[in-house]
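I set out to look up how the ligand is held and where empty space remains. My entries follow the order in which I checked these points.

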Amino acid sequence: MERPLTQHIPLSGAALQLKEYEAVGGYSALRKVLQELTPKEVTEKVKDANLKGRGGAGFSTGMKWSFVPMNVTGPKYLIANADEMEPGTFKDRWLLEGNPHQLLEGMIIAAYAIQATQAFVFMRWAYKEAAQIMTRAIADAYAAGYLGKNILGKDFQLDMQLHTGVGRYMCGEETALLNSLEGKRATPRAKPPFPQVSGLFGKPTIVNNVETLSYIPHIMNKGGDWFKSLSYTADGGTKIYGVSGKVNKPGAWELPMGVTMRELLEEHAGGMKAGLRFRGVLPGGASTDFLTDAHLDVKMDFVGVAAAGSRLGTGTMVVLDDQTCPVGFVHNLEHFFAQESCGFCTPCREGLPWTEKILLALEQGKGTYADLEQLEIHTQLLGPGNTFCALAPGAMEPLQSALKYFREDFEQHIKDKKCPYAHH
Ligand code: NAD
């Protein structure tokens, strides 16, 4: 199988510099696009590729671009969402630090497709090394004529800026990101209107994930059918999967979309560490439902994981082993979500700290059966449709599935009045 992204990343881990990127065909897709394709044709090609957004939601990228009204006057914006903060997720960092020009080329092509004149890389505050690498890459791209006025001699101009976030999970939500970029408090906006129509400063804006944009140059060079052929399933292309937890070889790998969970865990992650048994996995970062060993043959694409009762999310799996307390595991996650709630809507602001408090009591052997009922009620109250954005519903996913699959562990804490895993 061809590996469109990883083949160009030096094993040393050093970022690919402009000259090295050009030497392996870098910026040839941009050249081709500006010479041969209209903006609409670029969007059609992305639609043909069936590229689905890799930030976690899996929305069709080509469809998203096609919603931008092309006949309006005034600026349009393109934003790479590099505010990667989903627990267990480190795939975009790998791309940012390894191949910054691949992202920039994808962004310039995306900006051309929607005729944006200003682009931003909105990067997680903690990604210091990636920010340095991106700063240099942007300067090099300007110097080489890939950014600025009359790009590659064509009547197309684009300015690019790196903007580092403030270290809050909320800023990765696209409308909170827009508020943050405008210098406002990072709370989400009501959708609709979607950013494609009314985004940054009320202007048409596309926000795409780093991984999503990094595929664009390859799709332009080799076409939608080629991209689709890389996948085992109907969701197009490859995907950067990751595994963390007590496995032998935690890491990230670019693999055909639809690889099974078993292959990921056993072949790529090298199986569980000696003496430990697999109990469950969050398939796509923390805000997804647990799956168990009954799901090992699930194909890891957006459709397959949803059919199994969870979500592909970011495709970076967090493994739970048999010597880690599931109650403590979920408590740790809910602590994170409670801390990261922006406080804007009541169910999330009040419900998450309460959930966390109940889980702490249970973990310490001070919980009751009524607490379990309260947790069940919270999974509904904070669920989809009851909050302003996806943060609290996402936070309820690991909890509701832990209550389903690991209920005996919760009950054991109540019966024993202590954590059965405390000796580990
Ligand atoms: P969403 O489904 O609301 O939106 C996804 C994208 O599709 C957005 O760009 C949105 O504008 C667009 N979209 C959706 N419906 C549309 C419509 N009807 N018309 C036009 N555009 C539409 O999801 P979301 O709230 O943006 O994201 C939630 C996801 O984020 C979760 O799946 C979660 O896994 C993921 N997530 C990722 C990270 C990370 O660090 N990568 C962090 C937290 C959450």
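Which side chain has an N or O atom 2.4 Å from an oxygen atom of the ligand? I worked from a predicted model, and in it I found that the side chain is that of R311.

I then noted two further polar contacts of the ligand. A polar side-chain atom of Q196 is placed 2.8 Å from a ligand nitrogen atom. For M85 I recorded a backbone N or O atom at 3.0 Å from an oxygen atom of the ligand. Taken alone, the ligand has 840 Å² of accessible area, and I found 73% of this covered by the protein.

Next I listed the shell. The ligand is surrounded by 19 residues, of which K64, E86, E174, Q196 and R311 are the closest. Sorting the shell by class, I obtained 8 nonpolar, 5 polar and 6 charged residues.

I asked where the ligand lies relative to the domains. Shell residues come from both domain 1 (6-229) and domain 2 (238-321), so the ligand lies between the two. I also looked up the pockets: the largest one is the space that the ligand takes.

Last, I turned to enclosed space. With a threshold of 30 Å³ or more, I counted 1 cavity. The volume of the largest cavity is about 70 Å³. I noted its lining residues, among them M170, P188, S341, F344, T387 and L391. By class, this lining holds 9 nonpolar and 2 polar residues, and no charged ones.

Technical notes. Residues numbered from 1 in each chain as written. Predicted model: local features only at pLDDT ≥ 70, side-chain atom pairs only at ≥ 80, totals over all residues. Heavy atoms only, no water. Near = heavy atom within 4 Å. Polar contact = N/O pair within 3.5 Å; in protein donor to acceptor, adjacent residues only side chain to side chain. Areas by Shrake-Rupley, 256 points an atom, 1.4 Å probe, with all protein chains shown as cover. 1 Å grid on protein atoms, 1.4 Å probe; cavity = no way out; pocket = protein on both sides within 12 Å on 5 of 7 lines; lining within 4 Å. Sits in = over half its atoms within 2 Å of the grid points. Nonpolar A, V, L, I, M, F, W, Y, C, P; charged D, E, K, R; others polar. Domains from an automatic or database assignment. Points joined across faces, edges and corners; volume = space filled by probe spheres on them.
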